[in-house]
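Colleague: I've got a model open on my screen and would like to talk it through. Could you take my questions one at a time?

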Amino acid sequence: MSDELAKLRAELDKLDTEMVELLSRRFEVTKKVGALKAREKMATKDPKREEEMFTRLTQFATELNVPPRLVGDILRLILDESVNQHRINN
């Protein structure tokens, strides 16, 4: 393996680790959101908020030349998991 390829792979490994760390931090916050919603007797899902998130993040993805469909798919998975965690923990 060339040194250049090894360096690029190391950079990818670092970025992948950072993405998982960000997901962990995000789920810690959504856990608190879920607890607050349960305490306040609020609905688990907020379709208006989700729509706003999708619009904002897919537009941002477009600006960064990231496929907006990919970002939308990833966001859907993250939101679904957040809702599942709310149901499990409350």
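Modeller: Sure, let's start with a salt bridge, meaning a side-chain nitrogen of Lys or Arg within 4 Å of a carboxyl oxygen of Asp or Glu. The side chains of Lys45 and Glu50 make one, at 3.8 Å from N to O. Before we go on: this is a predicted model, where local features need pLDDT of at least 70 and side-chain atom pairs count only at pLDDT 80 or more, while totals for chains, interfaces and linings use all residues. Residues are numbered from 1 along each chain as its sequence is written, and side-chain values use heavy atoms, with hydrogens and water left out.

Colleague: Is Glu50 buried or exposed?

Modeller: The cut-offs are under 20% relative accessible area for buried, over 50% for exposed, and partly exposed in between (1.4 Å probe, protein chains only). Its partner Lys45 is partly exposed at 37%. Glu50 has a relative accessible area of 10%, so it counts as buried.

Colleague: Which residues are joined into one network by salt bridges that share partners?

Modeller: Take Asp80 and Arg76, whose closest N and O atoms are 3.1 Å apart in a salt bridge. Both lie in helix α3, four residues apart, or about one turn of the helix; helices here are DSSP runs (H or I, at least four residues), numbered from the N terminus. Shared partners then link the salt bridges into one network of Lys45, Glu50, Arg76 and Asp80.

Colleague: Which residue forms a salt bridge with Asp73?

Modeller: Asp73 sits in helix α3, and its partner is four residues away in that helix, about one turn. Asp73 is partly exposed at 40%, whereas the partner counts as exposed at 60%. The closest N and O atoms are 2.8 Å apart, and the partner is Arg69.

Colleague: How many salt bridges does the structure hold?

Modeller: We've covered Lys45 with Glu50, Asp73 with Arg69, and Asp80 with Arg76. For the structure, the count is six.

Colleague: At what angle do the axes of α2 and α3 cross?

Modeller: Contact means heavy atoms within 4.5 Å, and the α2 residues that meet α3 include Glu50, Met53, Phe54 and Leu57, with Val71, Leu75 and Arg76 among those on the α3 side. Axes are lines fitted to C-alpha atoms, for helices over the stretch in contact, with angles from 0 to 180 degrees between N-to-C directions. The axes of α2 (residues 47-63) and α3 come within 8 Å, and they cross at roughly 145°.

Colleague: Which residues does Ser82 touch, not counting those up to four places away in sequence?

Modeller: Ser82 lies in helix α3. With a relative accessible area of 5%, Ser82 is buried. Leaving out those sequence neighbours, the residues Ser82 touches are Arg26, Phe27 and Thr30.

Colleague: What is the phi of Lys41?

Modeller: Most residues other than glycine have a negative phi. Lys41, in the loop between α1 (3-39) and α2, is exposed at 74% relative accessibility. Although Lys41 is not a glycine, its phi is positive, at about 60°.

Colleague: Which residue in the loop between α2 and α3 has a positive phi?

Modeller: The residue is not a glycine, and its phi is near 60°. It is exposed, with a relative accessible area of 72%. That loop residue is Asn65.

Note on methods:
Helices (H or I, at least four residues) and strands (E, at least two) are DSSP runs, numbered from the N terminus.
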